[in-house]
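Q: Could you take a close look at a single part of this structure for me? I'd like to know what surrounds it and how its setting compares with a few other spots.

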Amino acid sequence: MKYFNSILILLVIVLSHTSCEESKRVNNTDVVTVYQCPMKCEGKKTYHASQSCPICNMDLKLVENQTSKEVSDNEISDESIFNLTTNWTTEEGETIQLKNLKGKTLVMVMIYTTCKAACPRLVADMRNIESKIPENSLGNLQFILVSIDPETDTPKRLKEFAKENFMDKKHWTFLQGTVSGVREFANVLAVKYKQISPMDFSHSNIISVFNTQGELIHQQEGLGVDNKETVQTILELTK
Amino acid sequence: MKTILRLTICIILLWVTNANCQSKMVTIKGGTYTPLYGRDSLQVTINDFQVDVYPVTNQEYLNFIKKYPKWKRSQVKKLFADGNYLFDWKSDIELGDSQSLQAPITNISWFTANAYCECQGKRLPTIDEWEYVAMANKTMPDARKLDTYNAYILGWYEKPKTFNNKIGSTFKNYWEVYDLHGLVWEWTSDFNSVLISGESRKDVDNDSNLFCGSATIGATDLMNYAAFMRYAIRGSLKAKYTMRNLGFRCISDSIIGIKQKTL
């Protein structure tokens, strides 16, 4: 009986410790070092040991990013906003992720529809930019308005807002997210906002331009500022 | 009888070791207070929540990285952390020589801190929640009016390299939470709601149209210099920035601490 007890105690202690250990296990699959000749004498050929190139004799260089080995059309860079995986709902009620917008130049701004002061001007700024883009470039372009008030701005509300402001064409998209998704997205855009009353937010007025890969190219800050540079950037990207 | 006794001891042991896996939390009783920067009504109401007793340590963060390799230094996306991410570490899974496992993790970005808390079923505190817990001293829930309270924090600002100290090395406050002041600054979920623009030269009148409600931005208590410093730091941060003296801790809305209440 005594033995049985001691064994039981031992067993329980060992078991309770292993439950902690589980999280400490090292993942073996993630560290594969790959070396490559800096002169690329053998094209893309890689080695698993640090030696010298058999052709030019230079020391092989460590290839940093493992994932880049599997080159494909779906590849997105480290700095792309398509790395964000939150779900959004458009004004049409569709659920999308940002990567669904890939392939078009994106002009993005954060607003909320009950806003009385800055947002109408910010929306006007967006329309001003739109008016300076030639018709045939609009097909390669998407204007995105992200709501910072996901609780009030339902897809229905956003659709009404789009109609009221003549922004219902195909190249305009309105997005409703989640509270945490919006916070994350604002962080990517370096947009600051704060709810100051149930109906009102203060927020920074930033219009951001992304290339077709989702990389931030240009930001315009302020209301009613000269949009020459922004338009120039968009024109270059949609060429 | 003896068997039952031993069994109980075993169960307690089991419980204790399991509880150690999840970092220790305490319950904070909600209430109303006036933060340095407030909403229109100035008063802010805080619901009950649970908070980590200590900031997240190097050891805990290391365990997290081993479990979720996408947050390793070599694999993290540049969108989510700048070049100084885990700067002092020797490798992806090795601390630097001068770093202690029990010291708070620093050089992490908002994205990585946010992911850490989410993986624990927790979240980052809001500024208001953090300040609510941090305005306590050893004996009072709101000690902001006391000279000693402010002097302590300002004294810490003058001390170099406190980020290398072990967790629990500062005082235990009214809520039994350690290290809110004295070791590292801490990330908050809505740090980007501090609407003083990043650079002081931008805070001039002719740029007040930068924000919808710039008139509402005003401190309630300009004497609270220590708190003002915290807000200024938050205002200057971007989510992918990493700093040597900026760590974090998580909170949880539910009282059990593991499941997260849906809002």
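A: Here is a walk around one helix of chain A, followed by a short visit to chain B.

Keep in mind that this is a predicted model. The part to zoom in on is helix H4 of chain A, residues 179-189. Of its 11 residues, 8 are buried, so the helix is largely enclosed by the rest of the structure. Buried here means that 20 or more other C-beta atoms lie within 10 Å of a residue's own. The buried ones are Val182(A), Arg183(A), Glu184(A), Phe185(A), Ala186(A), Asn187(A), Val188(A) and Leu189(A).

So what does the covering? From chain A, the cover includes strands S6 (105-111), S7 (141-147), S9 (193-197) and S11 (206-210). Chain B pitches in too, with its helix H3 (110-119). Just after H4(A) comes Ala190(A), which has a positive phi, near 60°.

Zooming out a little, the domain assignment splits chain A into domain 1 (31-66) and domain 2 (81-237). The centres of these two domains, taken over C-alpha atoms, sit 44 Å apart.

Since chain B supplies part of the cover for H4(A), let's look at that chain as well. Chain B has 6 helices and 7 strands, and along the sequence they run α-β-β-β-β-α-α-α-α-β-α-β-β. Of its 263 residues, 36% are buried. Take the contacts in chain B between residues at least 6 apart in sequence: 75% of them join residues at least 24 apart.

Two residues of chain B make a handy pair. One is Tyr132(B), in helix H4 (residues 127-134) of chain B. Tyr132(B) has 25 other C-beta atoms within 10 Å, so it counts as buried. Leaving aside residues up to four places away in sequence, Tyr132(B) touches Tyr33(B) and Ile46(B). Gly30(B) is 102 residues from Tyr132(B) in sequence, yet their C-alpha atoms are 8.8 Å apart.

The other is Gln43(B), in the loop between strands S2 (31-33) and S3 (44-46) of chain B. With 10 other C-beta atoms within 10 Å, Gln43(B) is exposed. Again skipping residues up to four places away in sequence, Gln43(B) touches Thr32(B) and Thr34(B). Thr32(B) is 11 residues from Gln43(B) in sequence and 6.4 Å away in space, C-alpha to C-alpha.

Note on methods
Residues numbered from 1 in each chain as written. Chains lettered and ligands numbered in written order. Predicted model: local features only at pLDDT ≥ 70, side-chain atom pairs only at ≥ 80, totals over all residues. Domains from an automatic or database assignment. Helix = DSSP H or I, 4+ residues; strand = E, 2+ residues; numbered from the N terminus. Buried ≥ 20, exposed ≤ 12 C-beta atoms within 10 Å, placed from the backbone. Contact = placed C-beta atoms within 7 Å.
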